[in-house]
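Let's take a walk through this structure together, one part at a time. Have a look at it first, and then we'll start with a helix.

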Amino acid sequence: MTEPNNAPHRLPFFGMLAVCLLTLVLRILDLAFFTDPATGFVTNGFYFARIALPLVAVALSYLASGGVARRPRALLGPCTGLGICLLLLTAALAATALLSLPELLFGSVTALIGAVAALLSALWALLWGVRAFGPLADPTRNLPPTLAALPGPAFFLWTMINLLAVAPASVMRLGCTLGVLSAAAALLFLAMVLRVFLTPGLPVGHAVFAAGMIAFMLCTCHELPQTVFAFFHGGATMAELAASLAMGLWGVAGLVCAWYATGEGLHLLPDHMYSRKK
């Protein structure tokens, strides 16, 4: 089955961007007026409403993804915006590892694991960020080996494990709960990015758009501002701030990919052609 080339459809992008920015404003207001700076606990009720709002935005992202091309042209050529985001992510992750040095000197095992995970993901972001500046579907370039994708999830996976095991999330500790959701969104978007890199040309436009918007909404519009709030009230270290900045930059990469996904669409290929070339 084929579909004609589609003209760019930016309405889903701008609609979801407005929703994400609305959640950002509401999160900042919640932090400023209804959150205890010392504990991070909310000072009034409506705990589940605070979780329900981003989940509604997640559902809207998937609904809006139906309006974009299944095979966007932009995800086959150079993705300069994504490359820039990945290089900035490399710097933020390297800073996270470097700023963890004081804790490492005191023998902190969690700091050691976090620093190693950040460095592994930084190496991945550097290598793949450079690759993003060239055509992803260039037949003259060999596809990257699958094993090269393994270091990518290290930082995001450790972030989730750390929040679940070391600083357990709950409805009372809203920041930790949103942090877990942000890490899950980051891993989901990472899976989509790897599909774009490893098997360019797949009809993944809908999934890339939804995952990218979800990552931007949770990682950039929720995780980053709450860590900045905690930092200025003495509740977060410089290393945690750098790690949150890395999450925020990954969310911006999601926004960039969502923009790519709403560009011009190409014909769908026969099913047997959506396989990795040897």
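How many residues does H5 have, and how far does H5 reach from its first C-alpha to its last? H5 has 23 residues and reaches 33 Å, close to the 33 Å expected at 1.5 Å a residue. Keep in mind that what you're looking at is a predicted model. Quite a few residues of H5 are buried, among them Ala111, Gly114, Ala118, Trp124, Trp128 and Arg131.

Now zoom out to the whole chain. The protein chain holds nine helices and zero strands, so reading from the N terminus on you get α-α-α-α-α-α-α-α-α. Of its 278 residues, 47% count as buried. As for who touches whom, take the contacts in the protein chain with a separation of 6 or more: residues 24 or more positions apart account for 82% of them.

Next, the inside. As a rule of thumb, nonpolar side chains in soluble globular proteins tend to be buried together. In this model, the largest nonpolar core has 46 residues, and those touching the most other members are Leu82, Leu86, Trp124, Phe155, Phe189, Phe197 and Trp250. The elements giving two or more residues to this core are helix H3 (80-99), helix H5 (109-131), helix H6 (154-166), helix H7 (174-198), helix H8 (205-232) and helix H9 (238-261). H7 gives the most, with ten residues. Pick out Phe189 and see what surrounds it: leaving aside residues up to four places away in sequence, Phe189 touches Ala211, Gly212, Ala215, Trp250, Ala253, Gly254 and Cys257. There is also a second, separate core of 19 residues, which includes Ala57, Ala64, Phe209 and Met213.

On to the aromatic rings. A pair of them is described by the distance of the centres and the angle of the planes. The count here comes to ten aromatic pairs. One of these is Phe13 with Phe14, an edge-to-face pair with 5.4 Å centre to centre and 85° between the planes. These two don't share the same surroundings: Phe13 is buried, at a relative accessible area of 6%, while Phe14 counts as partly exposed at 46% relative accessibility. Ring pairs also link Trp124, Trp128, Phe155, Phe156, Phe189, Phe197 and Trp250 into a cluster. A ring can have a charged neighbour too: Arg10 lies over the face of Trp259, at 3.7 Å from the ring centre.

Last stop, the charges. Side chains of opposite charge can pair when their charged atoms come close. A search of the whole structure finds two salt bridges. Which side chain meets Arg27 in a salt bridge? That would be Asp30, with 3.1 Å from N to O. Asp30 and Arg27 are three residues apart in helix H1 (residues 11-33), which means that about one helical turn separates them. In general, an α-helix has 3.6 residues a turn, so residues three or four places apart point the same way.

Asp30 forms a salt bridge with Arg50 as well, the closest N and O atoms being 2.8 Å apart. Because Asp30 lies in helix H1 and Arg50 in helix H2 (residues 47-64), this pair ties together parts that are 20 residues apart in sequence. Through shared partners, salt bridges join Arg27, Asp30 and Arg50 into one network. Are these residues buried or exposed? Arg27 is buried, with a relative accessible area of 6%, and both Asp30 and Arg50 are buried too.

Note on methods
Residues are numbered from 1 along each chain as its sequence is written. This is a predicted model: local features need pLDDT of at least 70, side-chain atom pairs count only at pLDDT 80 or more; totals for chains, interfaces and linings use all residues. Side-chain values use heavy atoms; hydrogens and water are left out. Rings of Phe, Tyr and Trp (its six-membered ring) pair if their centres lie within 6.5 Å; planes under 30 degrees apart count as stacked, over 60 as edge-to-face and the rest as tilted. Buried means under 20% relative accessible area, exposed over 50%, partly exposed in between (1.4 Å probe, protein chains only). A charge sits over a ring if NZ of Lys or CZ of Arg is within 6 Å of the ring centre and within 35 degrees of the ring normal. A salt bridge is a side-chain nitrogen of Lys or Arg within 4 Å of a carboxyl oxygen of Asp or Glu. Helices (H or I, at least four residues) and strands (E, at least two) are DSSP runs, numbered from the N terminus. A nonpolar core is a set of buried Ala, Val, Leu, Ile, Met, Phe, Trp, Tyr and Cys residues joined through side-chain atoms within 4.5 Å. Contact means heavy atoms within 4.5 Å. The expected span of a helix is 1.5 Å times one less than its number of residues.
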